[in-house]
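Colleague: I should like to learn how to read this model. Might we begin with a single residue and work outwards from there?

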Amino acid sequence: MYEKFPVEVTDVVLTNPQALREPTTKDLITMWNHPEVLRQHLSTIPEPTVATQLAESAMRGRLALAKNLLRKVTEMKEAIAPRESPILSTAFAEKSYKRKFAIWNSFPINHLPIEILQEVFRFIILSVGDTSRVTANRLLLTSVCQFWRSVALSDKILWNTVYFDDPAPWARSLTFVERAASAKLDIRIDEPRARPRRRPVGHGSAPPTPPPSPPSITPQQMDTLLDVILSKYAQLRILIVVVNRWDTARAVMRRFADAGEAVALERFELHRGQVANLNAWIPEQHNSSEAYQPYPLCDGLTPRLSWLCLSGMNIDWKRFSPVGLTTLDLRRIPQGVLPDGDTFRRILSSSPKLRRLSMSNAGPQLESRDVAPKPVPLPALRELLLGDCSVEYATRCLAQFDAPNILCLTLLNMANVSHNGLFVYLTGRYPKVEILSTYTLDIHGTTENKAAIVKWLDSMPKLALIKVAQMPLPYVDCFMEDPRQYDAEPVEPDTEDSSQRHVIAPLLSGFHCTHMPKDAILQFINRRSRLGAPLKKFYTPQMFAELGLRAEGMKEIRDTGVNVKVMYHNMATDEEQQLLARL
């Protein structure tokens, strides 16, 4: 958001919110029309009341005055052009600022056609990513005035995305479902979260006592909730369930097993938390032969399903027959309840439009002899994630399909990568990869491993962004190697500043990292510059920026000339956003 403004102005905005309410002359000239400045100003204005409302004629008068003053300042600026006057520039920003708010105050929003006003309301609701803000904005819209309330309540689409994050018995969320009427339903059921306690007055800097965690959703509560949801089964388009307890997650699968054909269901996700050890996948009190019997998903009838994510739960894979999957995401499922190799390949074969495949501590059941005689072609696959498994298992998984058009590749949490088999296998398989993410790969620093990694990286010439976390430094150093010295007939490498040097990932412009020493980061940035392939952007999570690199480290990185961006929550990098736009 802030890349369009000078660094010193950006720093004022980020570190001193008061500067947004009382901007300096330089800030005002540069940033008067910046959305964050306007948003901060709006947040300081009291809510209007009947007593403070101006008559329509008075609002039009203010707007006419603001326009007239701005016109006079503009004429004076034009009269002295090309010279500039700080006084006139400040006056121009001030009058422009006031004119904008005069336009907002005088805009006859209630005179808009109902369908246009509903579109405005939808934008207000659906343009925010924070679920709590979505709910708050809905409630705010219905409390402004009777007219807005009637407009909001008459729009089914405004209520059809429901986040069940309020405490049982979910009165608020169930009201939203009722207001959605016959619209398609997008539902997320989440465990209730503890509300943070405010710091008590008069207690200095002592942190507040953490609130107790609310009780988890029980199977009985889930059954009651699903009674309502399944009464609108034909409207259910998206269902995402996040629960902690095994028996609650099992209750979800039981209810959907015999629900019949899911005529509208496009996305189904079931996440079970607290599954740290797959050897104790089923809690001891629920461990029985019946517990291992899988339930079919919607009686095996999901004609519109395009997105399936299962974390800590399984289904009856034999009865799962998708026809249009675009996303298959499996996490933390033990081998004994995963699809066998033949079933897994059948699922892939029936999903020619599959674009995202993620397997973390999950995948197909593969015997040592189970190597696909002919890999399943997946020409549409663009994103592949593989992790939390052995190198041998990862290699056998990759042999099950052929996906030459992958653009985003993620490898994570592979311990004891003591040989180069995986990297040799990967070399040349995915030449179109643009974003490579590697997290916590325990790579042994042998000569054979280094040679294999260098050759593998060199086989992805379109790399634009790399993301690393808790990776050994020799891995990062491989991006500065000359791969020709690892040929059968090695070539003596040129110096790093030589124009003849062969550069790995010559298009690499972005570097996203965490848990990496500051000096190693600086060395990587500087060495890439000497190679003639300088990085343009450096990304790092907020916590690592504040606690790991700190302000002085961030300044040193910024002084190298790269554009430094601190990432908040699940922000996407510029490269990821651009790739998503192309897809």
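Modeller: Let us start with Leu-457, which lies in helix H16 (residues 447-458). Helices here are DSSP runs of H or I with at least four residues, strands are runs of E with at least two, and both are numbered from the N terminus. The model is a predicted one, in which local features need pLDDT of at least 70 and side-chain atom pairs count only at pLDDT 80 or more, while totals for chains, interfaces and linings use all residues. Residues are numbered from 1 along each chain as its sequence is written, and side-chain values use heavy atoms, with hydrogens and water left out.

Colleague: Is Leu-457 buried or exposed?

Modeller: A residue is called buried under 20% relative accessible area, exposed over 50% and partly exposed in between, using a 1.4 Å probe and protein chains only. Leu-457 has 0% relative accessibility and therefore counts as buried.

Colleague: Which residues is Leu-457 in contact with, leaving aside its neighbours within four places in sequence?

Modeller: Contact means heavy atoms within 4.5 Å. By that criterion, and with those neighbours set aside, Leu-457 touches Leu-436, Tyr-475, Cys-478, Phe-479 and Ile-504. Leu-457 can also be compared with Leu-426: the two are 31 residues apart in sequence and 9.4 Å apart in space, C-alpha to C-alpha.

Colleague: May we take a second residue in the same manner?

Modeller: Cys-397 is found in helix H14 (residues 391-398). Its relative accessible area is 1%, so Cys-397 is buried. Apart from neighbours within four places in sequence, its contacts are Met-359, Pro-364, Leu-366 and Leu-386. Gly-363 is 34 residues from Cys-397 in sequence, yet the C-alpha atoms are 7.4 Å apart.

Colleague: What share of the 583 residues in the protein is buried?

Modeller: Buried residues account for 45% of them. The protein has 20 helices and 16 strands. Among contacts between residues at least 6 apart in sequence, 74% join residues at least 24 apart.

Colleague: How should one read the burial of a whole helix?

Modeller: An α-helix has 3.6 residues a turn, so residues three or four places apart point the same way. In helix H8 (residues 131-141), the buried residues are Val-134, Thr-135, Asn-137, Arg-138 and Leu-141. Viewed down the axis of H8, they fall within an arc of 160 degrees and so line one face of the helix; the arc is that of the directions from the helix axis to the C-beta atoms. Their cover includes helix H7 (114-126), helix H9 (146-153), strand S1 (161-164) and helix H10 (171-180).

Colleague: And how does one describe two helices that pack together?

Modeller: One fits lines to C-alpha atoms, for helices over the stretch in contact, and takes the angle from 0 to 180 degrees between N-to-C directions. Angles under 35 degrees count as roughly parallel, over 145 as roughly antiparallel, 65 to 115 as roughly perpendicular and the rest as oblique. For helix H4 (residues 35-44) and helix H6 (residues 86-106), the angle is about 60 degrees and the axes are 12 Å apart. H4 and H6 are therefore oblique to each other. Val-37, Leu-38, His-41 and Leu-42 of H4 make the contact with Tyr-97, Lys-100, Phe-101 and Trp-104 of H6.

Colleague: What is the arrangement of helix H11 (residues 219-230) and helix H12 (residues 246-257)?

Modeller: Their axes come within 9 Å and cross at roughly 30 degrees. H11 and H12 are therefore roughly parallel to each other.

Colleague: Which features of the backbone deserve a reader's attention?

Modeller: Most residues other than glycine have a negative phi, and most peptide bonds are trans. In this model, the peptide bond from Ala-81 to Pro-82 is cis, with omega near 10 degrees, and Pro-82 is in the loop between helix H5 (56-80) and H6. Another cis peptide bond joins Ala-168 and Pro-169, with omega about 10 degrees; Pro-169 lies in the loop between S1 and H10.

Colleague: What of phi in Arg-332?

Modeller: Arg-332 has a positive phi of about 50 degrees, although it is not a glycine. Arg-332 lies in the loop between strand S6 (327-331) and helix H13 (341-349), and at 23% relative accessibility Arg-332 counts as partly exposed.
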